[in-house]
Every structure is written in structure tokens, then in C-alpha cells.
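Hi,

Here is the structure I promised to pass on to you. Have a look at it first, and then read on for what I found.

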Amino acid sequence: MHARDSTCASSGVDPRRHLVSRHGRLAGEGLCSTLMSLGDWAPLAVTLAASLPVVVFLFRKLFKREELPEAFPADGVFNLEILSRFDGVKNPICMAVCGKVIDVSSSDNIKHGEGYGKLWAGKDATFSLATLSLKEEDANKLDFTLKDFTEEQHKALAGWYKHFTTKYAIVGQLKEYEGWDWTSVEEEAKHQKPFASANAAAEGDESGPAKAAAEAKQGSSQKPEAGVVLAKGNKVVVSGLDEAQKELEGATGVLQNYSPDKGGFEVLMDSTGEVAVFKPSQLSKP
Ligand code: HEM
């Protein structure tokens with residue numbers, strides 16, 4: 001029994017000798033002797049060695065340059081390429097209106113990759129807001145002039161300009177609009193109440209998102225083309241449907257979210273219990 005404990009069962013040789021290296025040292029002897037020579041520091045050294053990968057990982061994560069949020073341009077001048085990086089992924093969410101770059105990070109409605117954020121995060125929304133367009137191809141559209149807009153579109157743009165410049169911080173200008181004269185929009189905006197000011201219409205503000213929001217609150221049947229008139233959870237009636245949805249004409253439902261993928265607003269229909277998608281112009285208050 002003793003022999004089995006201390007010698008190799010088959011050869012009768014001390015089993016530790018199998019571990020002796022060509023250099024005549026026991027495997028692990030080097031490490032052991034190093035640790036032993038560290039004396040009381042050995043546990044600390046082992047702990048440090050074991051945690052090294054974690055420390056390196058954390059260090060990289062904290063100090064990796066490309067993962068730090070980018071600063072706004074020091075001179076305040078963005079161009080579309082710079083603006084595209086401010087899309088809410090690692091940088092704040094910004095969008096541009098009338099040549100001004102606005103930090104809309106505090107908005108509950110403009111989030112990266114969803115709804116309005118999917119359309120306008122890191123983009124210029126001037127043309128879209130004037131024409132009340134939720135089409136992706138109208139974001140960053142620059143081949144227009146202010147003279148192209150109808151009176152109504154000019155008013156709508158002024159309403160949105162007022163909304164964005166009063167609710168959020170202006171963080172720069174967009175180079176592509178250098179030399180544009182926005183005086184007419186700025187002047188018209190002075191007579192507008194910011195979006196969602198329910199008393200705006202009553203107080204004589206006759207245009208843009210403020211009017212639309214006010215009318216919504218007062219139960220007007222105005223169509224949503226005029227701006228933001230309905231809220232999630234509102235009862236809506238659908239009308240002006242094309243052949244494919246004709247059977248839903250006049251039906252009611254509850255407004256859910258805007259879905260850029262489906263190209264419209266989702267409505268949970270009372271009659272079918274299913275979600276159907278409609279254009280803004282097809283929705284109104286019952
Ligand atoms: C049926 C049509 C529409 C509906 C039901 C609708 C609904 C809404 C709702 C519920 C909000 C959130 C409001 C809040 O939380 O206070 C919102 C925000 C917004 N809507 Fe619409 N909308 C419509 C059309 C449009 C159009 C045509 C535009 C412009 C082209 C637009 C631009 C915006 C913007 C920019 C915001 C974000 C405002 C912010 O957070 O500062 N909407 N909309």
C-alpha cells in the first residue's frame with residue numbers, strides 16, 4: 001500500500017519523476033518557487049494576475065476613443081455628413097430645421113430607429129415639416145426654395161420652427177443652407193404658439209402645428225394633414241380609403257404608433273380587433 005502511494009504502480013518509480021523536465025526541474029516548480037519568493041505578496045499577485053483581463057476590458061471600454069460621444073463642432077457649423085453622426089446611437093439626437101441644428105435628445109417622440117427618429121434623426125427635416133411629409137425620401141431634401149412653398153406650407157414650417165427652437169437647444173447651423181434667408185419663417189413664427197399649445201387657435205394663431213393641436217383638443221374634425229392633431233390612444237375614424245381597404249370605410253379604432261416601415265399610422269380596429277395601417281390623411285376624430 002505504501003509503495004502504491006509513493007511509486008508508480010507499473011514501474012515502481014517515484015511518480016513525481018515522470019514530471020521532471022529535461023532541465024531537471026519539476027513542472028510548476030518555477031511558478032511555485034516564484035510565488036514562494038513573493039512571500040506574503042503571493043495572494044495579491046495571484047488576484048491581480050487573475051483580474052488583469054477584466055481590468056484591461058474595462059479600461060478599453062472606458063477609454064476607447066471611438067466609443068466616446070463626439071463633441072458638437074466647435075464653430076457650430078455642421079454639414080449633412082457631420083449631422084448624420086448625431087443620430088442618437090453614441091451621440092445625441094439632432095435634426096435640422098431651417099438651417100438650424102437642434103438637439104432633440106430630450107424628446108419622448110424622437111428616438112433612434114423608431115417613428116419620427118427613424119425619419120429625421122441626424123437629418124434635415126425642413127422640407128418634410130413644411131410639406132407635412134412623413135416620407136423617408138423627403139428627409140435631407142435640399143432641392144427646394146422657400147418660394148416653392150404655398151402659404152399653408154410656409155405657415156406649417158414656421159409652426160414647426162417655433163416648436164423646435166423654443167422646446168430644444170439650438171446647437172449649430174447647417175452649412176448646406178449657408179446664405180439662405182429665413183426671415184419670413186422667423187417672422188411668421190413669432191405669431192405662432194409652440195406645438196401643443198391648446199389655446200393657440202382660440203388666441204388667434206391660425207396656422208401650423210399649434211392650430212392643429214388646439215383643434216384636436218377642441219374636437220375639431222380637421223384632417224391630420226394640417227399637423228399633429230391626434231395622440232396615441234385617441235379614438236379615430238378612417239375615411240377616404242382606397243379599394244384594398246374599402247370595407248373599413250367609416251370604421252373606428254384606436255390610434256397606436258406611426259410605423260415608417262409600413263408607411264403609415266397603425267390603428268387597432270374596433271370591429272376586427274386587428275391592426276391596420278392608414279395614411280395621416282385617412283384619420284380623423286369621430
Ligand atoms: C395622423 C397624423 C399624425 C398623428 C396622429 C401624429 C401623432 C403624434 C403624436 C401623438 C405625437 C406625440 C405628441 C406628444 O407626445 O406631445 C407626435 C409628435 C410629433 N409629430 Fe406627429 N402625428 C401626425 C402627423 C405628423 C406629421 C404630418 C408631422 C410632420 C411632417 C409630424 C411631426 C411630429 C413631430 C416632429 C413630433 C415630435 C415633436 C417633439 O417631440 O418635439 N406628425 N405626433
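Val77 is a good place to begin: leaving aside its neighbours within four places in sequence, Val77 is in contact with Gly172, Gln173 and Lys175. Please keep in mind throughout that this is a predicted model. The C-alpha atoms of Val77 and Gln173 are separated by 5.2 Å, although these two residues are 96 residues apart along the chain. Val77 lies in strand β1, and its opposite number in β5 is Gln173. Is Val77 buried, exposed or partly exposed? It has 14 C-beta neighbours inside 10 Å, so it counts as partly exposed; the cut-off for a buried residue is 20 or more.

That pair of residues leads into the sheet. Strand β1 and strand β5 (residues 169-174) run parallel, joined by 2 bridges. They belong to an open sheet of 5 strands with mixed pairing, in the order β1-β5-β3-β2-β4. At the edges are β1 (77-78) and β4 (123-124), each of which pairs on one side only. Helix α7 packs on this sheet, where it touches β2 (94-97), β3 (100-103) and β5, and its direction makes about 140° with that of β2.

Now for β2, which has a partner on either side. With β3 it pairs in the antiparallel sense over 4 bridges, and Ala96 stands opposite Val101 in β3. The two strands form a hairpin with 2 residues between them, and in the turn Cys98 has a positive phi of about 50°. With β4, on the other hand, β2 runs parallel, and 2 bridges join the two; here Ala96 stands opposite Asp124 in β4. In a regular strand, side chains alternate between the two faces of the sheet. In β2 both faces are covered: Cys94 and Ala96 are buried on one side, and Met95 and Val97 are buried on the other.

Back to α7 (151-167), the helix on the sheet. How far apart are its end C-alpha atoms, and does this agree or disagree with the span expected at 1.5 Å a residue? The ends are 24 Å apart, and because the 17 residues of α7 should span 24 Å at that rise, the two agree. A run of residues in α7 is buried, among them Leu157, Ala158, Trp160, Tyr161 and Phe164. Lys155, Lys162 and His163 are also on the buried list, which may be worth a look when you have the model open.

Helix α7 has a helical partner too. Its axis and that of helix α8 (residues 183-190) come within 8 Å and cross at roughly 70°. Angles of 65 to 115 degrees count as roughly perpendicular, and α7 and α8 are therefore roughly perpendicular to each other. On the α7 side, the residues that meet α8 are His154, Lys155, Leu157, Ala158, Tyr161 and Lys162, and on the α8 side they are Ser184, Val185, Glu188 and Ala189. The residues of this contact divide into 5 nonpolar, 2 polar and 3 charged.

The loop between α6 (126-131) and α7 holds Leu132, and Asn140 is found in that loop as well. Leu132 has a positive phi near 50° without being a glycine, and Asn140 has a positive phi of about 60°, again without being a glycine. Which of the burial classes does each one fall into? Leu132 has 22 other C-beta atoms within 10 Å, so it is buried. Asn140 has 19 C-beta neighbours inside 10 Å, so it counts as partly exposed.

There is one more hairpin to point out. Strand β8 (residues 264-269) pairs with strand β9 (residues 275-278) in the antiparallel sense over 4 bridges, and Phe265 stands opposite Phe278 in β9. Between these strands are 5 residues, and in this hairpin Gly273 takes a positive phi near 70°.

Finally, the overall picture. The protein has 9 helices and 10 strands. Of its 286 residues, 29% count as buried. Among contacts with a separation of 6 or more, 49% come from residues 24 or more positions apart; the contact of Val77 with Gln173, 96 residues apart along the chain, is one you have already met.

Best wishes

Conventions. Residues numbered from 1 in each chain as written. Predicted model: local features only at pLDDT ≥ 70, side-chain atom pairs only at ≥ 80, totals over all residues. Pairing = 2+ DSSP bridges. Buried ≥ 20, exposed ≤ 12 C-beta atoms within 10 Å, placed from the backbone. Contact = placed C-beta atoms within 7 Å. Axes fitted to C-alpha atoms, helices over the stretch in contact; angles between N-to-C directions. Expected span 1.5 Å × (residues − 1). Parallel < 35°, antiparallel > 145°, perpendicular 65-115°, else oblique. Nonpolar A, V, L, I, M, F, W, Y, C, P; charged D, E, K, R; others polar.
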